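I wanted to look up a few charged pairs and one metal site, and to keep short notes on each.

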Amino acid sequence: MRLKGIILKGIGGFYYVEAGDRIYATRARGLFRNEKIKPLVGDQVEIDVTSDEDSEAYIQKILPRKSRLQRPEVANVDQVIVTMALTNPSPNFILLDKLLILGQYHGVRPVICLNKSDLVPPGVLEEVKRDYEATGFDVIFVSVPELTGIEDLKAVLRGKVNVFAGPSGVGKSSITNALKPGLALKVGEVSERIGRGRHTTRHTELIELPSGGFVLDTPGFSSLEILQIPKDTLKDYYPDFSEAARDCRYRDCSHINEPGCGVKEAVADRRISQNRYHGYQYIYEELKKQKERY
Ligand SMILES: Nc1nc2c(ncn2[C@@H]2O[C@H](COP(=O)(O)OP(=O)(O)OP(=O)(O)O)[C@@H](O)[C@H]2O)c(=O)[nH]1
Ligand SMILES: [Zn+2]
């Protein structure tokens with residue numbers, strides 16, 4: 001019997017494939033080794049299962065990949081849940097913006113998740129929301145103890161393969177646990193864990209959510225991953241700039257020094273968020289210096 005499924009994890013030469021509400025421990029057909037193709041977590045596969053319960057199932061075919069991330073190595077991620085805490089630790093909006101860029105660069109749709117909303121006054125939420133809603137990406141405010149935003153998050157994750165990204169201590173494990181009660185991923189004190197990198201030795205596993213969709217149990221897009229894009233393409237990752245950019249005098253305007261820049265005008269009269277534009281200038285300068293260094 002041939003079934004279609006998804007690889008949830010790979011351990012010791014076995015690939016655990018979920019197909020039709022069951023999980024099969026499968027092996028990769030020898031052919032893949034000859035072709036130097038390695039099945040990845042997230043791969044959509046076809047497996048052959050015999051009626052004999054004890055016999056091994058084999059992966060016969062890996063379907064074409066939509067996307068592929070390196071660290072952790074995973075295929076077909078649809079969405080990256082870019083997560084920051086609104087406080088404790090303080091949000092790093094430059095990092096948030098870089099993660100939005102990285103997601104788009106890898107063809108993975110970003111969702112913005114702002115956690116620990118129970119710890120800040122409502123005004124803070126409003127300001128962040130104003131800065132990011134023009135991107136068109138979903139912005140979800142979450143509080144794990146108060147269960148705020150968890151239902152909204154479930155709706156966004158449904159039917160998709162998702163990976164969390166964001167610095168240590170922002171609540172990625174806590175949120176994942178809230179999405180799947182009983183999961184019990186380890187949650188720690190913020191101060192305990194700086195610089196420990198406890199994710200490095202883990203096996204990566206896709207967790208199926210009761211509300212639908214999958215979440216990787218390991219964060220993606222390490223905060224240390226260097227953004228390596230040509231500075232002149234940076235503007236392509238700012239959907240909130242694109243409308244005003246139509247008014248730029250020069251078609252290839254970088255919105256930095258050019259005269260007649262529609263984006264700078266829009267920033268001046270607050271149609272574009274000043275915070276977003278300042279972040280853009282900062283990242284642009286960084287990319288420029290980076291290039292000079294190499
Ligand atoms: N007040 C409050 N605390 C939270 C919330 N979410 C998580 N925390 C706390 O923040 C701390 C860090 O949470 P984790 O879930 O371990 O954070 P993480 O992002 O998974 O961290 P790493 O595993 O190091 O990447 C824990 O003490 C949590 O109890 C929240 O919404 N509100
Ligand atoms: Zn411009």
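I began with E73, which is partly exposed at a relative accessible area of 28% (buried means under 20%, exposed over 50%, partly exposed in between, with a 1.4 Å probe and protein chains only). I work here with a predicted model, where local features need pLDDT of at least 70, side-chain atom pairs count only at pLDDT 80 or more, and totals for chains, interfaces and linings use all residues. Residues are numbered from 1 along each chain as its sequence is written, chains are lettered from A and ligands numbered from 1 in the order written, and side-chain values use heavy atoms, leaving out hydrogens and water.

I then looked up the partners of E73: the residue forms a salt bridge with K38 at 3.1 Å, N to O (a side-chain nitrogen of Lys or Arg within 4 Å of a carboxyl oxygen of Asp or Glu), and another with R68 at 2.9 Å. K38 is partly exposed at 47%, and R68 is partly exposed at 40%.

Next I noted R2, which pairs with D48 in a salt bridge whose closest N and O atoms are 3.0 Å apart.

Last I turned to the zinc ion (ligand 2), whose protein donors are C248 (SG), C253 (SG), H255 (ND1) and C261 (SG), 2.2 to 2.4 Å away (donors are N, O and S atoms within 2.8 Å of the metal, or 3.2 Å for Na, K and Ca; water is not among the atoms, so sites may look incomplete). I recorded the spacing of these donors along the chain as C-x4-C-x1-H-x5-C, and I found both C248 and C261 buried.
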